[in-house]
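Subject: Structure handover

Hello,

Here is the structure I promised to pass on. Please open it first, then read my notes below.

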Amino acid sequence: QVRLVESGGGMAQAGESLTLSCTGSGIFNINIMRWYRQAPGNRRRDLVASINKSGTANYADSVKGRFTIYRGNTEKTWSLKIDSLKPEDTARYYCNAEITFPGNNYYEGAYEYWGKGTQVTVSS
């Protein structure tokens, strides 16, 4: 089975920093690591950051310059550092991974898995 678990969410004041982490478990290989967020009342989960196995990172315009995505100390761990928090950053943050399973290559099938999310609440 595949499992992704987020950690690091909580309450913070505007201007502070938070670091969110995602830890994967199971037998699989990760091609792309991502972070999404869903603001209160919104139906959509918005992609905020991604990083591939080569280390190339991409960010949404709304977070560029303040958010940093990076791979962790273990193979299936990655984090999102949020600097200069703003009230509009309040959302539930989800980690997401595009994966393949041993014995299968990317062309035979890649899959997406999600964590259950971690809440970030920023007060002014």
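Reading along the sequence, you will meet the pattern β-β-β-β-β-β-β-β-β-β-β. That comes to eleven strands and zero helices. Please keep in mind that this is a predicted model.

Overall form

The chain has 124 residues, and a compact globule of that length would have a radius of gyration near 14 Å. The chain itself has 14 Å, so the two agree. Along the principal axes, the C-alpha trace spans about 50 × 25 × 25 Å.

How much of the chain is buried? Of the 124 residues, 40% count as buried. The accessible surface comes to about 7000 Å². Carbon and sulfur atoms account for 45% of that surface.

I also looked at contacts between residues at least 6 apart in sequence. Of these, 58% join residues at least 24 apart.

Then the charges. The chain carries 15 positive and 11 negative ones. Their mean positions are 3 Å apart.

The disulfide

The structure holds one disulfide. It joins cysteine 22 to cysteine 95, with an S to S distance of 2.1 Å. Cysteine 22 sits in strand 3 (residues 18-25) and cysteine 95 in strand 9 (residues 91-100), so the pair ties together parts that are 73 residues apart in sequence.

Which hand does the disulfide have? The torsion about the S-S bond is about 50 degrees, so the disulfide is right-handed.

Are its cysteines buried or exposed? Cysteine 22 has 0% relative accessibility, so it counts as buried. Cysteine 95 also counts as buried, at 0% relative accessibility. The cut-off for buried is under 20%.

The loop between strand 8 and strand 9

Two residues here are worth a look. Serine 84 lies in the loop between strand 8 (77-82) and strand 9. Lysine 86 is found in that loop too.

Start with serine 84. Its phi is near 50 degrees, a positive value in a residue other than glycine. Most residues other than glycine have a negative phi. Serine 84 has 40% relative accessibility, so it counts as partly exposed.

What does serine 84 touch, leaving out residues up to four places away in sequence? The list is Gly15, Glu16, Ser17, Arg66 and Asp89. Alanine 14 is 70 residues from serine 84 along the chain, yet their C-alpha atoms are separated by 6.7 Å.

Now lysine 86. At 36% relative accessibility, lysine 86 counts as partly exposed. Leaving out residues up to four places away in sequence, lysine 86 touches Arg66 and Val122. Arg66 is thus on the contact list of serine 84 and on that of lysine 86.

Methionine 11

Methionine 11 has its place in strand 2 (residues 10-13). Is methionine 11 buried or exposed? Its relative accessibility is 72%, so methionine 11 counts as exposed. Exposed here means over 50%.

Two C-alpha distances help to place methionine 11. Threonine 90 is 79 residues away in sequence and 9.1 Å away in space. Lysine 86, from the loop above, is 75 residues away in sequence and 12 Å away in space.

Asparagine 58

Where is asparagine 58? It lies in strand 6 (residues 57-59). Asparagine 58 is partly exposed, with a relative accessible area of 47%.

Its contacts, leaving out residues up to four places away in sequence, are Val48, Ala49 and Ser50. Valine 48 is ten residues from asparagine 58 in sequence. Their C-alpha atoms are 8.2 Å apart in space.

Where to start

Begin with the disulfide between cysteine 22 and cysteine 95. Next, go to serine 84 and its positive phi. Then find methionine 11 in strand 2. Finish with asparagine 58 in strand 6.

Best wishes

Definitions and conventions: Residues numbered from 1 in each chain as written. Predicted model: local features only at pLDDT ≥ 70, side-chain atom pairs only at ≥ 80, totals over all residues. Heavy atoms only, no water. Helix = DSSP H or I, 4+ residues; strand = E, 2+ residues; numbered from the N terminus. Rg over C-alpha atoms; globule rule 2.2 N^0.38 Å. Buried < 20%, exposed > 50% of the residue type's maximum accessible area, 1.4 Å probe, protein only. Contact = heavy atoms within 4.5 Å. Areas by Shrake-Rupley, 256 points an atom, 1.4 Å probe, with all protein chains shown as cover. Lys, Arg positive; Asp, Glu negative; His and termini not counted. Charge placed at Lys NZ, Arg CZ, Asp CG, Glu CD. Disulfide = S-S within 2.5 Å.
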